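Here are some notes for a first reading of this entry, set out as numbered points. Please keep the sequence and the structure open beside them as you go.

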Number of protein chains: 2
Amino acid sequence: MAEPESATVDLEIIVQGAQEGKKLELRLWLRMLSTTKLISQEIRRRLRNEFGATLPQFDLMAQLYREREGLRLGELSKRTMVTNGNVTGLVERLEADGLVQRVTPDGDRRVTVAKLTEKGETQFSAMAAAHEGWLRDLMADVEPAIVSELWRDIGAVKSSVSNHLSGADFD
Amino acid sequence: MAEPESATVDLEIIVQGAQEGKKLELRLWLRMLSTTKLISQEIRRRLRNEFGATLPQFDLMAQLYREREGLRLGELSKRTMVTNGNVTGLVERLEADGLVQRVTPDGDRRVTVAKLTEKGETQFSAMAAAHEGWLRDLMADVEPAIVSELWRDIGAVKSSVSNHLSGADFD
DNA sequence: GACCGACATTTGAAATGTCAAAGGTTTACG
DNA sequence: CGTAAACCTTTGACATTTCAAATGTCGGTC
């Protein structure tokens with residue numbers, strides 16, 4: 001069995017190059033996904049234990065908290081990245097809990113505007129403060145400079161993705 | 001109305017410092033979350049349109065594809081970060097579609113092992129190839145060096161988060 | 001050999017998620 | 001005017017999600 005005399009080095013280079021450069025986007029995506037899942041689950045658990053709220057409810061209330069005069073359901077759907085049909089049920093449950101109220105403006109009866117109640121504002125501001133602290137806590141071991149860098153670079157990812165969507169979506 | 005004569009510069013510095021350093025972790029998290037949602041929705045749409053599959057099904061099959069001899073449901077639950085009860089239904093539907101089969105080993109009748117069928121392997125490998133291409137495509141505008149950097153730094157985030165979980169979870 | 005604690009999966013209730021189709025309303029055009 | 005197109009929300013069918021409680025099985029101990 002004659003062994004090939006050379007080619008060893010070349011092979012290493014090729015293999016290394018392949019491993020280094022290949023599927024990098026895929027690996028980044030898998031890591032982003034698992035990290036996001038991990039954080040979501042932790043936030044969800046704390047919201048549930050300490051406030052009896054769910055993460056989608058928190059998200060929705062966060063949008064309403066920024067726009068005190070309220071938002072149309074379609075606008076809420078876009079901002080929370082939740083489908084229309086889903087917003088309906090979400091708002092229904094929040095309304096049943098007295099945290100949100102629905103109003104149909106006089107001008108356009110197609111529209112429903114959701115708005116935080118006073119109770120909703122109070123409750124949300126407590127949750128928001130805790131939420132912010134949890135994140136500082138969870139990311140405590142990451143250098144601030146790295147956090148900034150990540151914020152910027154993930155922005156680049158988001159913008160690349162936005163430019164390559166198959167549907168007509170953009171932002 | 002007497003205007004304050006100085007203090008302008010000091011204020012700018014203070015404000016800028018506050019904006020720069022504050023809530024950075026929160027902003028990073030919100031950006032991570034929205035970016036992940038955006039990519040997930042795009043992948044989900046393409047999986048549905050081109051293969052009639054869902055993202056959780058794809059995830060589950062990916063784990064089984066790596067372990068050809070199959071995995072116990074509990075192990076699948078850990079690897080996919082999906083709860084036990086959820087794995088049950090997921091595997092049920094995949095079995096109904098003939099993509100996965102369930103086996104109870106002779107030694108331990110508590111256990112159920114899920115395994116890809118031949119049909120499942122064929123179908124998955126087509127999906128996996130497409131999936132990898134989609135990600136390269138979606139992230140095409142991001143420099144490879146940035147992709148690598150993100151992969152590393154998000155690893156740091158994940159590890160910080162893992163060390164600060166409230167439950168007894170770790171990895 | 002029967003029980004107890006540990007382990008693995010399933011079940012059930014409630015919430016969230018998608019998509020497509022249906023319901024009203026408004027606007028604009030002929 | 002009157003109708004068609006566009007717009008906004010809801011509904012309905014299903015899939016996924018979490019949590020807690022129930023079920024079934026194995027391992028050891030007495």
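1. The surface near DNA strand C is made up of five nonpolar, 11 polar and nine charged residues. Please bear in mind, here and in every point below, that this is a predicted model.

2. Which residues come nearest to DNA strand C? Of the 25 residues around this strand, the nearest are A:Thr54, A:Arg93 and A:Arg109 from chain A, together with B:Arg72 and B:Gly74 from chain B. Among the atoms of DNA strand C that come within 4 Å of the protein, 78% belong to sugar and phosphate.

3. Several of these residues can be followed down to single atoms. The side chain of A:Thr54 has an N or O atom 2.6 Å from a phosphate oxygen of DNA strand C, and a polar side-chain atom of B:Arg72 is likewise placed 2.6 Å from a phosphate oxygen of that strand. For A:Arg109, it is a backbone N or O atom that lies 2.8 Å from a phosphate oxygen of DNA strand C, so a reader who looks at the side chain for this pair should turn to the backbone instead. 

4. Turning to the elements behind this surface, two or more residues near DNA strand C are given by each of α3 (55–66) and α5 (84–96) in chain A, and by each of α2 (24–51), α4 (73–80) and α5 (84–96) in chain B. The largest share, four residues, is that of α5(B).

5. Around DNA strand D there are 25 residues, and the nearest of them are A:Arg72, A:Gly74, B:Thr54, B:Arg93 and B:Arg109. Sugar and phosphate make up 78% of the atoms of DNA strand D that come within 4 Å of the protein. By residue type, the surface near DNA strand D divides into five nonpolar, 11 polar and nine charged residues.

6. What part of DNA strand D does the side chain of A:Arg72 approach? An N or O atom of that side chain is 2.7 Å from a phosphate oxygen of the strand, while a polar backbone atom of A:Leu73 is 3.2 Å from a phosphate oxygen of DNA strand D. With B:Arg110 the partner is a sugar or linking oxygen of DNA strand D, which is 3.4 Å from an N or O atom in the side chain.

7. The surface near DNA strand D draws at least two residues from each of α2 (24–51), α4 (73–80) and α5 of chain A, and from each of α3 (55–66) and α5 of chain B. Here the largest share, four residues, comes from α5(A).

Notes. Residues are numbered from 1 along each chain as its sequence is written. Chains are lettered from A and ligands numbered from 1 in the order in which they are written. This is a predicted model: local features need pLDDT of at least 70, side-chain atom pairs count only at pLDDT 80 or more; totals for chains, interfaces and linings use all residues. Side-chain values use heavy atoms; hydrogens and water are left out. A residue is near a molecule or strand if one of its heavy atoms lies within 4 Å of it. A polar contact is a pair of N or O atoms within 3.5 Å; within protein, one must be able to donate a hydrogen and the other to accept it, and residues adjacent in sequence count only if both atoms are side-chain atoms. Ala, Val, Leu, Ile, Met, Phe, Trp, Tyr, Cys and Pro count as nonpolar, Asp, Glu, Lys and Arg as charged, and the others, Gly among them, as polar.
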